[in-house]
Amino acid sequence: MKAHDGMYIDGAWRPADGRETIDVVNPADEQVIGKVPAGNALDVDTAVRAARAALPGWAATPPAERAARLAALRDVLVARKDEIAETVTAELGSPLKFSQAVHAGAPIAVAGSYAELAATYAFEEKVGNSVVHHEPIGVVGAITPWNYPLHQIVAKVAPALAAGCTVVLKPAEDTPLTAQLFAEAVHEAGVPAGVFNLVTGLGPVAGQALAEHPGVDLVSFTGSTAVGRRIGALAGAAVKKVALELGGKSANVILPSADLAKAVNVGVANVMSNSGQTCSAWTRMLVHRDQYDEAVELAAEAAAKYGDRIGPVVNAKQQERVRGYIDKGVAEGARLVAGGPEAPREQGYFVSPTVFADVTEEMTVAQEEIFGPVLTILRYEDEDDALRIANGTVYGLAGAVWAGDEAEAVAFARRMDTGQVDINGGRFNPLAPFGGYKQSGVGRELGSHGLAEYLQTKSLQF
């Protein structure tokens, strides 16, 4: 798609306040494919004012009508699915098939789920002698990441609109074209002017202005834990609500009774998916000491198959970050069994699919989020040791457990300090709540729990 040279505010594309722009670079060939405005605090203020002006009308719109607009949005996304996939591939570097299936497919499913929820959600309930009324929290400032650019937008904007909120979106500066395409889809779906607004720009400028704006009632942010702390501090100064979906270092626990080959192969695929740029990726594989050598061999063989199948990481800075972690893993004594720090291609921000063995739990690569195609394999002595290692990071976003008996896996999963656990390769569910424990975040996204984040509760006593 051709980049817009303005902001989508109050139902129209409008010139930005300043003349500064952001280059959009294709990470596969390092070529500039577009330019978008670098919004500033005045652009954010204009967008927030538009959202506040539109709030009373949208909040008063019957849920069935809000549901109809979301259904129309889903239909537009379906009609433009190929364009979405091509745009994500161009600015993120994701292989086209993955973009079609995941980057375009998942947001369509999520948008459809909120079209249904908006029409069926119990916005009012009777509790004893009270009527409990759930009403929109107000204007939402949504700040989204680049790794799943459309999914993360829809996971915030769709429930906010279903709840009756209005939105100002600040997308990641690496993937703004997908956000502009989404704004076009919102317009085509007939969402009233001012209900959704888009400001492109840099995080420390436009993102900070949005987080601290007095006209924003809730800030929903997805990104690193470090930036999440900053967002929380800015919002906390005004005692406004925050929803934070942050980092992860998820454990993939393979119990001795599991199908080892299947668990390892699926685990490697999970880490390599989206070039490792997934906050919920199972980047720590935990294997019993008696099966450890076999698991390492299987993982190395599986990773070798991904050399030509994964795309680049998003930019040069991320490439250097991931390669730096690989160097640190080697320096701290981990054993490379696949991949390494050397760039596999001369052009593009590619990183080799990498697997570390002989990893101990105190190593940096076992504790910090790398956000690249890097798997660490740790051994455990018994089930209690596995649980201790699995819970032994500051994160708690996701995880997996494999066992020959499902009940055995469920019993282990219940003891994990994490927000979502896949049992024996469980499938993604767009209706299940997603979010983390500990430093992986505050609040939940997706399904009815995601909708509830955007609601304020009022009790009427009789």
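**Sheet around β15**

I began with Leu 336 in this predicted model, and found that Leu 336 stands opposite Phe 356 of β15. Looking to the other neighbour, I noted that Phe 356 also stands opposite Thr 376, a residue of β16.

I then looked up how these strands run: β14 and β15 are antiparallel and joined by 3 bridges, whereas β15 (residues 354-357) pairs with β16 (residues 374-380) in the parallel sense, likewise over 3 bridges. One of the pairs I wrote down for β15 and β16 is Thr 354 with its bridge partner Val 374.

For the wider setting I traced an open sheet of 7 strands with mixed pairing, in the order β14-β15-β16-β13-β12-β17-β18. The edges are β14 (335-338) and β18 (422-423), and because each has a single partner strand, one side of each is left without a neighbour in the sheet.

I also asked myself whether the faces of β15 are covered or bare. Both are covered, with Thr 354 and Phe 356 buried on one side and Val 355 and Ala 357 buried on the other.

**The loop after β15**

Following the chain on, I came to Glu 362, which lies in the loop between β15 and α12 (364-367). I record Glu 362 as exposed, because its relative accessible area is 60%, and the cut-off for that class is over 50%. The side chain of Glu 362 makes a polar contact of 2.8 Å with the side chain of Thr 360. I also checked a distance across the model: Glu 362 and Asn 424 are 62 residues apart in sequence, and their C-alpha atoms are 27 Å apart in space.

**Thr 200 and α7**

Next I turned to Thr 200, in the loop that connects β9 (196-198) with α7 (203-212). With a relative accessible area of 2%, Thr 200 is buried, and its side chain reaches the backbone oxygen of Pro 37 at 2.7 Å. Leaving aside residues up to four places away in sequence, I listed the residues that Thr 200 touches as Met 7, Val 36, Pro 37, Ala 38, Gly 39, Pro 171 and Pro 176.

In α7 itself, I noted Ala 206, Gly 207, Ala 209, Leu 210 and Ala 211 as buried. The elements that cover these buried residues of α7 include the helices α1 (41-59) and α8 (225-236), together with the strands β7 (139-143), β8 (166-170) and β10 (218-222).

**Positive phi values**

I looked up two residues that have a positive phi without being glycine, starting with Asn 274, where phi is about 60°. Asn 274 sits in the loop between α9 (260-272) and β13 (284-288), and at 7% relative accessibility it counts as buried.

The second is Leu 446, with phi near 80°, in the loop between β19 (441-442) and α15 (447-452). Leu 446 also counts as buried, at 4% relative accessibility.

**Cavities**

Last, I asked how many cavities of 30 Å³ or more the structure holds. There are 3, and the largest has a volume of about 80 Å³. Its lining is made up of 14 residues, of which Ala 251, Arg 284, Ala 390, Ala 398 and Thr 418 are the closest to the centre. Sorted by class, the lining of the largest cavity has 6 nonpolar, 5 polar and 3 charged residues.

Note on methods. Residues are numbered from 1 along each chain as its sequence is written. This is a predicted model: local features need pLDDT of at least 70, side-chain atom pairs count only at pLDDT 80 or more; totals for chains, interfaces and linings use all residues. Side-chain values use heavy atoms; hydrogens and water are left out. Helices (H or I, at least four residues) and strands (E, at least two) are DSSP runs, numbered from the N terminus. Buried means under 20% relative accessible area, exposed over 50%, partly exposed in between (1.4 Å probe, protein chains only). A polar contact is a pair of N or O atoms within 3.5 Å; within protein, one must be able to donate a hydrogen and the other to accept it, and residues adjacent in sequence count only if both atoms are side-chain atoms. Contact means heavy atoms within 4.5 Å. On a 1 Å grid over the protein atoms alone, a cavity is a set of points where a 1.4 Å probe fits but cannot get out, and a pocket is an open set with protein on both sides within 12 Å along at least five of seven lines; lining residues have an atom within 4 Å of a point. Grid points are joined across faces, edges and corners, and a volume is the space filled by probe spheres set on the points. Ala, Val, Leu, Ile, Met, Phe, Trp, Tyr, Cys and Pro count as nonpolar, Asp, Glu, Lys and Arg as charged, and the others, Gly among them, as polar. Two strands pair if DSSP finds at least two bridges between them.
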